[in-house]
Amino acid sequence: MIKLKNILVIALLMTSMALAARDNNSDNDRQNKWMNEYREYKQEFLSKEVDLTPSQKSEFFPLYNEMEQEIFNVNLEARKAEQTISQKDDASNNDYLEAAKLMVDVKTKEARIETEYFEKFAKILDSRQLFLLKRAETRFSRNMLQHHKEASRRTR
């Protein structure tokens, strides 16, 4: 489950970074629109799969979005370290080691963040919904990967 989530986060990160690299405001608008549509779609998907009440939605999704932003930031930090070391002509062994540690620590940091937010979610969702949430996240990631594969085949 975490691997699929990592793949999705990395794909989103790379897409976001590529779009953000463009200076044009319309590109930033498109990126923001895409991210908002993605977030809305994911929230709808999770709402249905977990059977959230309107009250639960209003409490849950702000926390869920916070969690996703923290995970995104952890991945962004590791990606920046990877890019920095890749572009450095005079990188030392220590530079490589530090960057590698950051990249490896991503999974640990993500797990800590998920555990922290799981406890917060437990105050909003019942046990069954917590279980369904984890399963829904996995399904969502699989669906997104499948959609990406199909889109890639169509554009070839």
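Where along the chain is the place of I113, in which helix? I would like to begin with that residue and work outwards from there, and I should say at once that what we have on the screen is a predicted model. The answer is that I113 sits in helix α4, and with a relative accessibility of 8% this residue counts as buried, because the cut-off for that word is anything under 20%.

Now, what does I113 touch, once we leave aside its neighbours within four places in sequence? The partners are M67, E70, I71 and V74. For one of these, I71, we also have a backbone distance: the C-alpha atoms of I113 and I71 are separated by 7.1 Å, although the two residues stand 42 residues apart along the chain.

Let me step back to the chain as a whole, so to speak. The chain has 156 residues, and 33% of them count as buried. Its secondary structure consists of five helices, with zero strands, so that reading along the sequence gives α-α-α-α-α. If you take the contacts in the chain with a separation of 6 or more, 73% of them come from residues that are 24 or more positions apart. The accessible surface amounts to about 10200 Å², and carbon and sulfur atoms account for 51% of that area.

With that in mind, let me go through three helix pairs, beginning with α3 and α4. Helix α4 covers residues 93-121, and it packs against α3 at an angle of about 175°, the two axes lying 8 Å apart. Angles over 145 degrees count as roughly antiparallel, and α3 and α4 are therefore described in that way, as roughly antiparallel to each other. When the residues of this contact are sorted by class, 17 are nonpolar, one is polar and nine are charged.

While we are on α3, I would point out K80, which lies in that helix. At 47% relative accessibility, K80 counts as partly exposed, and its C-alpha atom is separated by 9.9 Å from that of L102, a residue 22 residues apart from K80 along the chain.

The second pair is α2 with α5. Helix α2 runs over residues 25-50, and its axis comes within 9 Å of the axis of α5, the two crossing at roughly 135°. These two helices are therefore oblique to each other, and α2 passes α5 in a right-handed crossing. On the α2 side the contact involves Y38, Y41, K42, F45, L46, E49 and V50, while α5 contributes Q129, L132, L133, A136, E137, R139, F140, N143 and M144. By class, that contact divides into 10 nonpolar, two polar and four charged residues.

The third pair is α3 with α5, that is, residues 54-87 against residues 127-155, and here the angle is about 50° and the axes are 15 Å apart. That angle makes α3 oblique to α5, and the crossing is again a right-handed one. In this contact Q56, F60, Y64 and M67 of α3 meet Q129, L133 and E137 of α5, and the residues involved divide into four nonpolar, two polar and one charged. You may recall M67 from the opening, where it was listed among the contacts of I113, and Q129, L133 and E137 from the contact of α5 with α2.

Finally, a word about the loop between α2 and α3, where D51 lies. What is the sign of phi in D51, positive or negative? It is positive, near 60°, in a residue other than glycine. As for its surroundings, D51 is exposed, with a relative accessible area of 54%, whereas I113, where we began, is buried at 8%.

Notes:
Residues are numbered from 1 along each chain as its sequence is written. This is a predicted model: local features need pLDDT of at least 70, side-chain atom pairs count only at pLDDT 80 or more; totals for chains, interfaces and linings use all residues. Side-chain values use heavy atoms; hydrogens and water are left out. Helices (H or I, at least four residues) and strands (E, at least two) are DSSP runs, numbered from the N terminus. Buried means under 20% relative accessible area, exposed over 50%, partly exposed in between (1.4 Å probe, protein chains only). Contact means heavy atoms within 4.5 Å. Accessible areas come from the Shrake-Rupley method with a 1.4 Å probe; for residues, only the protein chains shown count as cover. Axes are lines fitted to C-alpha atoms, for helices over the stretch in contact, and angles run from 0 to 180 degrees between N-to-C directions. Angles under 35 degrees count as roughly parallel, over 145 as roughly antiparallel, 65 to 115 as roughly perpendicular and the rest as oblique. A crossing is left-handed if the near helix is turned anticlockwise from the far one by less than a right angle, and right-handed if clockwise. Ala, Val, Leu, Ile, Met, Phe, Trp, Tyr, Cys and Pro count as nonpolar, Asp, Glu, Lys and Arg as charged, and the others, Gly among them, as polar.
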